[in-house]
Amino acid sequence: MTLLETIHGPADIKHLNASQLTDLASEIRHFLIDKVLRTGGHLGPNLGTVELTIALHRVFDSPRDRILWDTGHQAYVHKILTGRREGFDRLRQKGGLSGYPCRAESEHDTIENSHASTVLSYADGLAKGFRLRGESDRAVVAVIGDGALTGGMAWEALNNISGAPDRPVVIVVNDNGRSYAPTTGGLATYLAGLRTSPDYERFLEWSKHQLRQTPKLYEALHAVKTGLKDMLAPQGLFADLGLKYLGPVDGHDIAAVEAALRQATGFGGPVVVHCLTRKGRGYPRAEADERDHHHAVAAGDPATGEPLGSPGPSWTSVFGAELVEIARERPEVVAVTAAMLRPTGLAAYAEEFPDRVFDVGIAEQHAVTSAAGLAMAGMVPVVAVYSTFLNRGFDQLLMDVAMHSCPVVFVLDRAGVTGDDGASHNGMWDLSVLGIVPGLRVAAPRDGASLRAALREAVAVAVTDGPSAIRFPKGPVGPDIPAVDQHDGIDVLHRSPGDDVLLVSVGAMAATACAAARRLTGEGLGVTVVDPGWIKPVGPSLIKLAEQYRLVVTVEDNLRVGGYGSLLAQELRDAGVPAPVSGFGIPQRFLDHGKRAELLAECGLSPEDLARSIRSRIAADRAPGVRALEEDSR
């Protein structure tokens with residue numbers, strides 16, 4: 001039996017000696033490499049937090065003490081140490097272990113956030129609540145990366161935490177110099193001054209050796225390090241906010257991290273423990289990967305690390321390649337992203353046009369309003385961001401971009417059901433949110449060809465028509481779906497004789513809609529499938545076409561509530577079109593993790609389920625005494 005196999009909860013590591021802890025850290029790394037490469041997931045961040053997590057669970061008493069993880073993709077080791085080791089065989093699979101903290105899995109998971117920069121606000125509220133309840137013996141520990149510290153919400157929380165010097169919150173800064181990619185901005189420059197100084201590196205090595213010999217030397221050594229830090233750093237950033245500061249600490253030295261955490265608990269107020277870690281540590285392939293240190297890996301061969309097969313071109317790569325072509329033709333086009341340069345397909349653009357790309361860090365609100373400023377200066381900004389993260393910049397989109405009719409193009413990657421990453425990463429709200437923004441045009445391309453065309457159109461008409469958004473899902477793009485006909489500018493994807501159903505497909509749901517239509521056609525129903533391409537505003541030609549059919553059906557990978565079906569139904573009512581509308585989409589609930597196809601089927605959005613539901617609606621409409629179908633927007 002390995003040492004790791006004897007660990008069933010945090011209590012099992014508290015009495016291990018130094019040699020055993022070293023062995024445990026090594027076993028955890030081998031376990032992560034083997035398991036995560038089999039299932040896919042966030043490998044690099046967790047390899048970098050092994051010793052840090054062990055130290056946290058040795059010093060604090062979870063779950064009574066609350067250990068909170070910002071951007072919880074770095075919490076795999078926490079899951080292992082809290083009794084979930086056996087669940088890693090089904091990591092990020094439907095019904096299996098979540099890739100993020102999950103309250104349903106364990107009492108040790110307090111929050112389920114996987115959006116960055118939130119943890120300090122949770123910690124502030126928890127500490128306030130414990131104080132009001134008289135529970136002064138409960139610690140609140142917030143682990144946040146240097147990348148997440150680029151988010152404005154983190155600094156709003158720090159402002160409040162530092163305003164209560166007698167309320168204890170331990171803030172562990174896991175500083176590896178990266179979010180998905182290298183951290184950018186002034187904060188990154190400040191932290192890098194400490195992280196990369198040769199003098200400081202030599203001092204860390206010396207102090208680590210001394211600490212192993214005499215653990216009680218930590219406090220004295222910290223005083224020396226504080227003086228050295230003041231010489232090397234341009235300013236005492238956290239100290240200037242009124243926060244106690246310990247570090248930098250070697251985050252891969254369990255004894256050093258433990259000593260710093262124990263000292264932090266004795267301050268009786270807010271304190272920052274600054275830990276230096278290396279993403280991908282212990283796995284040579286990850287350490288050598290300068291792009292992102294194997295931040296997230298697809299399922300592959302544990303022996304080689306190579307992915308199992310190639311899924312073909314992705315939606316993201318199609319967008320990235322087309323934007324480069326457009327930028328070569330139009331010097332006014334610039335790109336903006338929020339710590340997602342490579343994940344959103346902008347790597348090639350950045351290599352060719354380094355002066356025309358702006359990565360603002362994990363700061364979506366700033367990204368959107370900065371893009372408005374770029375537009376006001378005569379540029380055409382293309383803001384590339386995950387669909388779910390645009391939620392954070394909604395006020396800026398509404399008031400700073402749309403109200404000023406700024407020519408900004410929003411490209412929403414990972415729209416609809418993304419699957420493996422779970423509830424917070426699904427882009428299933430964008431159409432509901434964007435539908436209420438005045439003057440905003442929205443496109444949902446069905447394939448690579450229509451994505452390229454929509455992007456070119458959005459850029460071409462931005463100056464005269466104002467802002468627009470283009471959404472597409474995660475994963476391989478698949479073959480193009482050619483139109484069999486056109487009707488007044490609308491692509492017709494399938495047509496069979498008869499006027500039973502007009503099936504309006506939104507974006508990547510086109511293949512599902514066509515498959516369902518073929519089933520219904522085989523049963524003698526007249527079905528026409530159309531793809532409007534640009535779904536907001538609703539074009540007059542689609543309204544006119546709907547007059548010819550007994551039932552209008554919409555299918556989208558967005559919430560039914562406030563989605564495209566609701567928008568089209570309202571437009572048809574306003575135009576006096578009598579045809580009822582049945583809208584098919586995602587129900588109003590958070591979806592568990594699983595493959596995209598699995599989750600769509602769970603929502604009734606497989607071709608079989610869609611055909612069955614349409615058939616039942618037609619039958620109900622034909623039955624004598626049954627009232628006409630009404631809009632289904634529940």
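The legends below describe close-up views of a predicted model.

**View 1. Overview of the chain in the predicted model.** The chain contains 24 helices and 18 strands, and of its 634 residues 59% are buried. Among the contacts in the chain that have a separation of 6 or more, 76% come from residues 24 or more positions apart. The structure holds 0 disulfides.

**View 2. An open sheet of 5 strands with parallel pairing.** The strands of this sheet follow the order E1-E2-E3-E5-E4, and its edges are formed by strand E1 (66–69) and strand E4 (244–250), each of which pairs on one side only. From one strand to the next, the twist averages 20 degrees. At the E1 edge, E1 pairs with strand E2 (residues 140–145) in the parallel sense over 4 bridges, and within these two strands Arg-66 stands opposite Val-140 of E2.

**View 3. The packing of helix H15 (residues 364–376) against helix H17 (residues 394–402).** Two packed helices are described by the angle between their axes and the distance between the axes. Here the angle is about 10 degrees and the axes lie 9 Å apart; because angles under 35 degrees count as roughly parallel, H15 and H17 are described as roughly parallel to each other. From H15, the residues Gln-365, Val-368, Thr-369 and Ala-372 meet Gln-396, Leu-397, Asp-400 and Val-401 of H17. Sorted by character, the residues of this contact comprise 4 nonpolar, 3 polar and 1 charged. As background to the spacing along such a helix, an α-helix has 3.6 residues a turn, so residues three or four places apart point the same way.

**View 4. Helix H3 (residues 50–59), a mostly covered helix.** In this helix 10 of its 10 residues are buried. The buried residues of H3 include the charged side chains Glu-51 and Arg-58, together with Thr-53 and His-57; Val-50, Leu-52, Ile-54, Ala-55, Leu-56 and Val-59 of H3 are buried as well.

**View 5. Strand E13 (residues 490–495) and the strands that pair with it.** Strand E13 is mostly covered, with 5 of its 6 residues buried. With strand E12 (residues 485–487), E13 pairs in the antiparallel sense over 3 bridges, and Gln-486 stands opposite Asp-491 in E13. The hairpin of E12 and E13 has 2 residues between the strands, and in this hairpin Asp-488 takes a positive phi near 50 degrees. E13 also pairs with strand E15 (residues 527–531), again in the antiparallel sense, over 4 bridges, and the bridge partner of Asp-491 in E15 is Asp-531. Asp-491 thus appears in both pairings, opposite Gln-486 and as the bridge partner of Asp-531.

**View 6. Strand E18 (residues 581–586), largely enclosed by the rest of the structure.** Because 6 of the 6 residues of E18 are buried, this strand is largely enclosed by the rest of the structure. Strand E17 (residues 551–559) pairs with E18 in the parallel sense over 5 bridges, and Val-553 stands opposite Ser-582 in E18. As background to such strands, in a regular strand the side chains alternate between the two faces of the sheet.

**View 7. Two buried cysteines, Cys-406 and Cys-514.** Because a residue counts as buried under 20% relative accessible area, Cys-406 is buried at 3% relative accessibility, and Cys-514 is likewise buried, with a relative accessible area of 7%.

Technical notes: Residues are numbered from 1 along each chain as its sequence is written. This is a predicted model: local features need pLDDT of at least 70, side-chain atom pairs count only at pLDDT 80 or more; totals for chains, interfaces and linings use all residues. Side-chain values use heavy atoms; hydrogens and water are left out. Two strands pair if DSSP finds at least two bridges between them. Axes are lines fitted to C-alpha atoms, for helices over the stretch in contact, and angles run from 0 to 180 degrees between N-to-C directions. Angles under 35 degrees count as roughly parallel, over 145 as roughly antiparallel, 65 to 115 as roughly perpendicular and the rest as oblique. Contact means heavy atoms within 4.5 Å. A disulfide is a pair of cysteine sulfur atoms within 2.5 Å. Buried means under 20% relative accessible area, exposed over 50%, partly exposed in between (1.4 Å probe, protein chains only).
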